Structure formats: structure tokens, C-alpha cells
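Trainee: I am new to this structure and would like to look closely at one part of it, with the surroundings explained step by step. Could you take me through it slowly?

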Amino acid sequence: MNKVYYLSDLLLEDLVGGGELNDYELCKMISNKGIKLTRMRTNEINKENLNKDSLYIISNFIGLKQEFKSFLIENCKYIIYEHDHKYLRSRNPAIYKDYKAPVDQIINKNLDDNIWHINRVVNVSKSQKIKHPITGDAHPCPFPEELITRIVKMSSDENDIVLDIFSGSGTVFKVSDILNRKWIGIEKEMEYCEISDYRFSCHKGETF
Ligand SMILES: C[S@@+](CC[C@H](N)C(=O)[O-])C[C@H]1O[C@@H](n2cnc3c(N)ncnc32)[C@H](O)[C@@H]1O
């Protein structure tokens, strides 16, 4: 085997938390075994990095470009680790013996054709007013409006009430309003409540 690559959408240097911490721990364990590992962000992958003699550990499959997904699956040796456990019935890996999920616990096995391809939100504070009106701080992880639009449409009718118990920057509020739903939200951080108030006012064209 030529090289071992570790592919993730973000690395711990980019975002400290969640799946990135899982990635970090796993990379450390692999390196401690004396295996040389090259870490790459999925959006940096191109044909030159993909070859039959290397092994790819993929913690973010959905972030790969379609052409590279197909090439990888058809030609390379790979392991899909999926740091966020998106493909397991439980998101808690500790419930499985040795952290290995039995095959019957894996969902969405047909990875390539039942995934929604929606870009994550970038430049939040600049483009979409998802920022605090006084400090200018952005919410760290607003959901894409396109994603919430699909979910709200699928799961409710006009005039229904949509409840978001982790409302963050208020994506659900804005989308629900656009789709003629009412909404209720719960958010534990006051700063994020203020961001969502501001965002909603801007959406309605009101002065904050
Ligand atoms: C992934 S973010 C949600 C992002 C939101 N969908 C958006 O588009 O901005 C999760 C949010 O849940 C909030 N949160 C975490 N635990 C909470 C709790 N116990 N009660 C209320 N909010 C909580 C966090 O502060 C964070 O803003």
C-alpha cells in the first residue's frame, strides 16, 4: 500500500468540536501505530490524490465531489468512517461493542443516490445577516435555508406551528415565515436569540 489518506470536510484546525474531535483522536491512534497518515480536506481532493495503491479513510463522504465519489468507490481501497455517525441508527458509538456497528444498524447504505446535496452556509455574517447586531459575532453553525425549507415543506402544512428546540440563529423561523407557517423556538444562548431576532427583523425589512 502506498499511502493512507484521511479525508474530512473540516479538520480540528478549522473547527474545534464534534466530529472534528473524533477525527483528531482517530488520526492520533493511527499515527501512534506507526502508520504515516496524510490528512486532507474533502474539497481539496482531485484526481492526482486518488490512486489504486492508497487507502482512504473517509470521515466525510458527502462532502466529496460527485466525480470523485464514483471514482473512489469504483477504483480505490476505502473505509467510510463517517465522523458524525450519520449512517447509524444511534449517534452514540459507545452503545456498540468495540464501537463497531453491526451491519443491520447502518442506514442509508445506498450512499450515492439518496443524499441531499446542499452546500453549507459560508460567509454568514456578510451575506445573510446571521450576526449579532452589536458585536457582529456570527452563529457558528447556521443550517442552510435550503435544507430547512425541504424539511419544513415535507413535515408541515401552511398555518401549522413549527417547533425548533435548538433554534440557534433562527433559520427555522425565517423559513417558516416564508412558507406561511407559525413558529416557536427555544435557544439556551441569549446571544444567539439576539442574532435570530436581528436576522428575522432584517428578513421582514424592519428596523431593529
Ligand atoms: C446546531 S445549532 C442549531 C442551528 C440552527 N438550526 C440554525 O440554523 O442556526 C444548535 C443550537 O442548539 C443550542 N442548544 C444546545 N443545547 C441546548 C439546550 N439544552 N436548550 C436549548 N438550546 C440548546 C445551541 O446553543 C445552538 O445554538
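Trainee: Where is isoleucine 35 found?

Mentor: Before turning to that residue, please keep in mind that the model is predicted. Isoleucine 35 is found in a loop, the one that runs between helix H1, residues 18–32, and strand S2, residues 37–41. Isoleucine 35 counts as partly exposed because 13 C-beta neighbours lie inside 10 Å, whereas 20 or more would be needed for a residue to be called buried. Once its neighbours within four places in sequence are left aside, isoleucine 35 is in contact with Val4 and Ile30. Valine 4 stands 31 residues away along the chain, and yet the C-alpha atoms of isoleucine 35 and valine 4 are separated by 7.8 Å.

The helix that comes before this loop offers a second residue to examine. Tyrosine 24 lies in helix H1, and it counts as partly exposed because it has 17 C-beta neighbours inside 10 Å. From tyrosine 24 to leucine 12 there are 12 residues in sequence, while in space the two are 6.6 Å apart, C-alpha to C-alpha.

To place these residues in the whole, consider the chain itself. The protein chain has 6 helices and 6 strands, and when it is read along the sequence these follow the pattern β-α-β-β-α-β-α-α-β-α-β-α. Of its 208 residues, 20% count as buried. Among the contacts in the protein chain with a separation of 6 or more, 50% are accounted for by residues 24 or more positions apart.

For a contrast with the partly exposed loop residue, follow the chain to helix H5, residues 171–178, which is largely enclosed by the rest of the structure because 6 of its 8 residues are buried. Those buried residues are Thr171, Val172, Phe173, Lys174, Val175 and Ser176, and what covers them includes helix H4, strand S5, strand S6 and helix H6. Just after H5, asparagine 180 takes a positive phi of about 60 degrees.

Two of the covering elements are helices, and each can be described by how it packs on H5. With H6, the packing angle is about 25 degrees and the axes are 9 Å apart, which means that H5 is roughly parallel to H6. Here the contact is made by Phe173, Lys174 and Asp177 of H5 together with Ser196, Arg199, Phe200 and His203 of H6, and by class these residues divide into 2 nonpolar, 2 polar and 3 charged.

With H4, the axes come within 9 Å of those of H5 and cross at roughly 55 degrees, so H4 is oblique to H5. H4 passes H5 in a right-handed crossing. On the H4 side, Glu145, Ile148, Thr149 and Val152 meet Thr171, Val172, Lys174, Val175 and Ser176 in H5, and this contact has 4 nonpolar, 3 polar and 2 charged residues.

Finally, there is the ligand, which is surrounded by 13 residues, the closest being Phe143, Phe166, Gly168, Ser169 and Thr171. Thr171 therefore appears again, having already been listed among the buried residues of H5, a helix that is largely enclosed. By class, the shell around the ligand has 6 nonpolar, 4 polar and 3 charged residues.

Terms used. Residues numbered from 1 in each chain as written. Predicted model: local features only at pLDDT ≥ 70, side-chain atom pairs only at ≥ 80, totals over all residues. Near = placed C-beta within 6 Å. Nonpolar A, V, L, I, M, F, W, Y, C, P; charged D, E, K, R; others polar. Helix = DSSP H or I, 4+ residues; strand = E, 2+ residues; numbered from the N terminus. Buried ≥ 20, exposed ≤ 12 C-beta atoms within 10 Å, placed from the backbone. Contact = placed C-beta atoms within 7 Å. Axes fitted to C-alpha atoms, helices over the stretch in contact; angles between N-to-C directions. Parallel < 35°, antiparallel > 145°, perpendicular 65-115°, else oblique. Left-handed = near helix turned anticlockwise from the far one by under 90°.
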